[in-house]
Amino acid sequence: MRIRGVRRSILDISQFYCNECRAVIPLPRHEGRQKEKGHIKHIYCYKCECRTAHTEKRSFEF
Ligand SMILES: [Zn+2]
């Protein structure tokens, strides 16, 4: 029997900051590798209305 990581936060949400307008876009992380900080990801920004570079910031790193 395995207890699935209760302590490994169920809430694996990363905040992604738009590098253009600083809008915060929360995204759930599915990937196992979560070691990198300040990871840059290109995702759609609802403010810029286009894909921009977003810097990752995870909630517990605030
Ligand atoms: Zn933006």
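The following dialogue discusses how to read several features of this predicted model.

Colleague: How should the numbering and the confidence limits be read?

Modeller: Residues are numbered from 1 along each chain as its sequence is written. As the model is predicted, local features need pLDDT of at least 70 and side-chain atom pairs count only at pLDDT 80 or more, whereas totals for chains, interfaces and linings use all residues.

Colleague: Which elements does the protein have, and in what order do they run?

Modeller: Helices (H or I, at least four residues) and strands (E, at least two) are DSSP runs, numbered from the N terminus. Here there are zero helices and four strands, in the order β-β-β-β from the N terminus on.

Colleague: How is the pairing of β1 and β2 to be read?

Modeller: Two strands pair if DSSP finds at least two bridges between them. Strand β1 (residues 13-18) and β2 run antiparallel and are joined by five bridges. Within this pair, F16 stands opposite I25 in β2. The two strands form a hairpin with five residues between them.

Colleague: Why is strand β2 said to lie largely in the open?

Modeller: A residue is buried if 20 or more other C-beta atoms lie within 10 Å of its own, exposed if 12 or fewer, and partly exposed in between, with C-beta atoms placed from the backbone. Strand β2 (residues 24-28) lies largely in the open because the number buried among its five residues is zero. For the protein of 62 residues, 5% count as buried.

Colleague: Which residues have a notable phi, and where do they lie?

Modeller: Most residues other than glycine have a negative phi. R22, in the loop between β1 and β2, has a positive phi of about 70 degrees although it is not a glycine. R22 counts as exposed because it has 10 C-beta neighbours inside 10 Å. E49, which is also not a glycine, has a positive phi near 60 degrees. E49 is found in the loop between β3 (40-45) and β4, and is exposed, with 8 other C-beta atoms within 10 Å.

Colleague: What are the surroundings of E56 in strand β4?

Modeller: Two residues are in contact if their C-beta atoms, placed from the backbone, lie within 7 Å. E56, in strand β4 (residues 50-58), is in contact with S14, F16, G38, H39 and K41, leaving aside its neighbours within four places in sequence. The C-alpha atoms of E56 and I40 are separated by 6.1 Å, although these residues are 16 apart along the chain. E56 is partly exposed, with 18 other C-beta atoms within 10 Å.
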